[in-house]
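Biologist: Please take a close look at one part of this model, the empty space inside it. Keep it brisk.

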Amino acid sequence: MPNSTFKKSNPKTELSKLPKLGMDKKGFVTDFKHYYAHRLGRDEYCRCPNYAYEALSLAVSDRLVERWKQTQKSYRESGCKKAYYLSMEFLMGRSLSNAMLNLGVDDTVTQALYDLGIQIEELIDAEPDAGLGNGGLGRLAACFIDSCATLELPVTGYGLRYEYGMFKQTLDHGNQLEKPDHWLRNGNVWEIERPERTRRIKFGGHTEVQIDEDGNSNVRWLSDHDVLAVPYDTPVPGFENGTVNTLRLWKANATEEFNLQEFNAGDYAESVAKKNTAENITMVLYPNDANENGKALRLQQQYLLASASLQDVVSDWVDIHGEDFTHFAEKNCFQLNDTHPSISVAELMRILVDHHGVEWDDAWEITRKTMAYTNHTLLPEALERWSVNLMQSLLPRLMDIIFEINARFMAEVSAHWPGDNERMRKMSIIEEGHDKQVRMAYLAIVGSFSVNGVAELHSKLLQEGLFKDFYDFWPKKFNNKTNGVTPRRWVAACNPELSELISKTIGDGWVTDLSQLEKLKPFAKDGKFKKAWRQVQLANKQKLKDYIKEETEVDLDINAIFDVQVKRIHEYKRQILNVLHAIHLYDRIKRGDDANWTNRCILIGGKAAPGYVMAKKTIKLINNVAEVINNDPDVGDKLKVVFIPNYRVSAMEKICPGADLSEQISTAGKEASGTGNMKFMMNGALTIGTLDGANIEIREEVGDENFFLFGLTEVEVAQARKDYNPQAIIEQDADLQGVMKLLECSHFNQFEPYIFDDIIGSIKSPHDPWMTIADFRGFIDAQQKVSDAFQDQDNWTRMSILNTASSGKFSTDRTIGEYNSDIWKLK
């Protein structure tokens, strides 16, 4: 039946006449009641907070969508240059509280629900964390797109819509267990599916060269198992500015979801086999790649992200400009967040050359002018490498293109350094050998116009070490962009009491201009202000204490130092060094060396990758040590050790406001930047750390007298490796001998013999790359300074205020401003 009404009216005109949604209490109450009763079918007898959360989220989301459509219309009509942020992770956390804050309706909505007899906190806690990331990389990406919207920059985030995210971490006798994190079980009210923008992604098969009637050769990729990438869009609001950008996440679907013939023949599993195989690609973040199937799945994830996103952008271009790509590079920029999306370099070439007939040289010029690469690691083993055999099997056309890119690049290198075969070998995208490998980081460098590190030391070490040959070849490509975090979520939203105190004292301009926190420095000497600051911190410590009690049943003393290390579990982050200090304090208490003691609660949290055996043993050690210490009557409140299970964004929102001390103790020269250190600093925690990553810049900003420094420098680490002898260090340090004795006599694993032998052997090995024993004495001495300083609460509060006041540099608004001025050049 024809829709005559639709034909007679102009839908654009009709839609533009829609009344704006109310931002007052009445408007939210009306919409909340409507969704709760009519969309969700609930009444006053329903006591499940999930439905109230969903009804409120729909009401808030409506107001976001209203501004979202207007923002996208403005971008379209202005014809402005756009940037696209490609990342395997976007660790968004919960959306409701962030959306209310950025819309400026926090107080209005809270009061509206209060009038209905509903506590807003209960609804906020009902929202699951979006399972779209693991750690710093994903949280950084989330902060970046928040700042892009706040700065009103036309930037779209592209990622994958993981069905189960990383995993939910539980503990069984101290061992990490991974359980599915089905964060989408109840749907996601914040996303909008866009099936009309589905993209087809090719895998497998082979390539053929075809000659057209003019004698030109064209390559055709005959794939044999395609999948569909279906986009789901999430609105990303700027802070109180009406701008709402887009995070587009791709879900993998089968081209044929159900085979009726197979089903009717009785082969029920085979009838949905293609559906299951396709959906596996976006099922889990970072599948275990210890086997070939895991490696293939990871490569499929990375290619689906790159191909779907680039097809999306190019399709939009063609819709407006046709097949003319002359000005494509002037209007588009792709930022590759780490090495995972680096296949984008070859994929853009494939799309331009194979699908749009652009000549190779022109396509390469476009690619090199649009791609920008951010490196996030100094660990060579963490850089993506794929075997040529796997690439040829899964992505044969992409492998052809990479071979061609490399051949032309090698010619450039040879022309620059004639006869230097060793340098050519080191710089080749293809690593020769029995099992040839594609060095994806090198592909990203060769195909990008900008390569940046994420802290001053990190960028320096990239240029002097990991990528030295490329820096010598293209020095102008390389630059630094020190990371940051968004102050909206990490102070204004997660620490409302501190935010209120700051705004009452210096105004609220700091929320979008964090450098204004400098105005707090004179108040570090003000007795009345310091008292108010301490009261806020104690209230936050009480909240953290309550959270820890609920999660672990361990009772903390809020007057003790809350000494916190929460981050991904990895040997270079040295949670082991933290445990050695805990054992040292325990040993002192048992020996009666507790005069002038400062009570301490050591809180550790983080997830270990499922296949990372040493990291999982570290978690087990932490829990065993905690079990002994927390149940020893001689210890009491003097010392507590807690492992916080299932560390995630919503947990960090409770942890960082309540921390006194932030542990950033990685081996110097191993941490690219770190962003947890910045969150803690903004909330007034003091840092104990090495000269690594952004610690260096934090110390420069706050002053060395307000930072607890220890450990070898990056240069000293390199020097010490030459004749490193951990056993000799142990023999010369009585405190360290006591710690090692407790470990080696199985004091913490009396009924589980030998389980920590690998850890003991690792830290005692002269080949230990993390130099844990070398930094033990410096760490213990620095921690004693912490204990002494904490006893003078007036001076500790002064230092806490100065840390917050000095944190202005570490806002992602500053970071994104630099990305834009130096790389993207958006208006």
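Modeller: Here is a walk through one pocket and two cavities.

This is a predicted model, where local features need pLDDT of at least 70, side-chain atom pairs count only at pLDDT 80 or more, and totals for chains, interfaces and linings use all residues. Residues are numbered from 1 along each chain as its sequence is written, and side-chain values use heavy atoms, with hydrogens and water left out.

On a 1 Å grid over the protein atoms alone, a cavity is a set of points where a 1.4 Å probe fits but cannot get out; a pocket is an open set with protein on both sides within 12 Å along at least five of seven lines; lining residues have an atom within 4 Å of a point. Points join across faces, edges and corners, and a volume is the space filled by probe spheres set on them.

The second largest pocket holds about 1800 Å³. Its lining counts 45 residues, with W68, K69, Q72, K73 and R76 nearest the centre. Helix 4 gives the largest share, 12 residues (helices are DSSP runs of H or I, at least four residues; strands are runs of E, at least two; both are numbered from the N terminus).

Six cavities of 30 Å³ or more turn up in the whole structure. The largest has a volume of about 230 Å³. Nearest its centre, among 19 lining residues, lie E127, A130, W183, N188 and W190. Helix 4 again supplies the largest share, here three residues.

The second largest cavity takes up about 170 Å³. Its 18 lining residues include M92, N98, V236, P237 and R489, nearest the centre.
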